[in-house]
Amino acid sequence: MGATQFDERARMDGQRLVRLALAFYAVLAGLALAWRLGLCGESPFYAAPAAAAQGAAPLRDLALGTLAAAAMVGLSDFLTRHTRSGEALARALARAVGPLSLGQCLVLAGASGVAEEIFFRGALQPRVGLLAASLLFGAAHFVPRRDLALWSVFSVAAGLLLGFLFEATGNLLAPTVAHVGINAVNLPRIVRAYGSGVVR
């Protein structure tokens with residue numbers, strides 16, 4: 001298969017993955033909105049009605065989300081470079097998603113970060129608490145394969161950090177910025193370094 005044919009096939013595979021992901025994350029966000037807003041009559045963007053009345057502090061929350069993303073990206077980069085399980089996880093994830101364009105990586109990062117935060121933090125955490133929501137977040141990232149075991153552990157740690165941001169700020173802005181930031185840096189880096197590369 002020539003380079004042009006490979007690029008075209010990779011582009012089509014990437015488009016298919018993005019379409020499926022967007023449909024899945026739309027359903028996930030829709031369920032969260034229906035649950036918290038429709039059934040509970042509360043905004044999923046705030047931890048509690050009192051936090052909704054107080055509102056967000058955008059500059060503070062953007063800064064906290066950016067710092068949290070930087071910390072988690074640094075941790076994942078360290079694990080990938082300096083541990084066998086981290087490198088195995090990066091290679092497995094790169095194989096699973098295949099080659100992607102930078103734009104596709106960013107769309108996936110945005111969709112997953114926003115929808116998962118609305119569901120796990122916005123809808124689930126106010127009902128079950130920080131620890132249970134974080135464990136469920138890790139369970140949602142569980143795949144019964146040895147090379148992916150670290151993904152669940154990392155997801156629980158990330159869930160605790162994101163959940164703490166949600167409780168500390170009272171709203172979804174900081175955890176969403178952090179989640180999208182982590183994915184927007186890690187996904188292209190993993191695809192480029194451990195997969196077939198980012199298709200331009």
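Leaving aside its neighbours within four places in sequence, which residues is His141 in contact with? Contact here means heavy atoms within 4.5 Å, and by that rule His141 touches Glu116, Trp151, Ser152 and Ser155. Let's look around that spot and see what the helices are doing.

A quick word on the ground rules. This is a predicted model, where local features need pLDDT of at least 70 and side-chain atom pairs count only at pLDDT 80 or more, while totals for chains, interfaces and linings use all residues. Residues are numbered from 1 along each chain as its sequence is written, and side-chain values use heavy atoms, with hydrogens and water left out.

Back to His141, which sits in the loop between H6 and H7. The helix names come from DSSP runs (H or I, at least four residues), numbered from the N terminus. With a relative accessible area of 10%, His141 is buried. For these labels, buried means under 20% relative accessible area, exposed means over 50%, and partly exposed is in between, using a 1.4 Å probe and protein chains only.

Now step into helix H6, which covers residues 130–140. Ala133, Ser134, Phe137 and Gly138 are buried there. Looking down the axis of H6, you find these buried residues within an arc of 140°, so they line one face of the helix. That arc is taken from the directions from the helix axis to the C-beta atoms. And what do the buried residues of H6 pack against? They meet helix H5 (102–128), helix H7 (149–169) and helix H8 (173–194).

Take H5 and H6 as a pair. They pack at an angle of about 140°, with their axes 8 Å apart. Axes are lines fitted to C-alpha atoms, for helices over the stretch in contact, and angles run from 0 to 180 degrees between N-to-C directions. H5 and H6 are therefore oblique to each other. On this scale, under 35 degrees is roughly parallel, over 145 roughly antiparallel, 65 to 115 roughly perpendicular, and the rest oblique. H5 passes H6 in a right-handed crossing, meaning the near helix is turned clockwise from the far one by less than a right angle (anticlockwise would be left-handed). On the H5 side, the contact includes Glu116, Phe120 and Arg121, and on the H6 side it includes Leu130, Ala133 and Phe137. The contact residues split into nine nonpolar, one polar and two charged. In this count, Ala, Val, Leu, Ile, Met, Phe, Trp, Tyr, Cys and Pro are nonpolar, Asp, Glu, Lys and Arg are charged, and the others, Gly among them, are polar.

Next comes the pairing of H6 with H7. Their axes come within 8 Å and cross at roughly 145°, and H6 passes H7 in a right-handed crossing. Leu130, Ser134 and Gly138 are among the H6 residues that meet H7, where the partners include Ser152, Ser155 and Glu167. This contact divides into seven nonpolar, six polar and one charged.

Glu167 deserves a stop of its own. This residue of helix H7 is partly exposed, with a relative accessible area of 46%. Not counting residues up to four places away in sequence, Glu167 touches Gln125 and Leu130. Its C-alpha atom is 6.4 Å from that of Ala47, although the two residues are 120 apart along the chain.

Finally, try two other spots. Gly110 in helix H5 counts as partly exposed at 21% relative accessibility, and its C-alpha atom is 14 Å from that of Gly65, 45 residues away along the chain. Asp77 belongs to helix H3 (residues 58–82) and is partly exposed, with a relative accessible area of 21%. From Asp77 to Gln15 the C-alpha separation is 27 Å, with their places 62 residues apart in sequence.

Note on methods:
Helix = DSSP H or I, 4+ residues; strand = E, 2+ residues; numbered from the N terminus.
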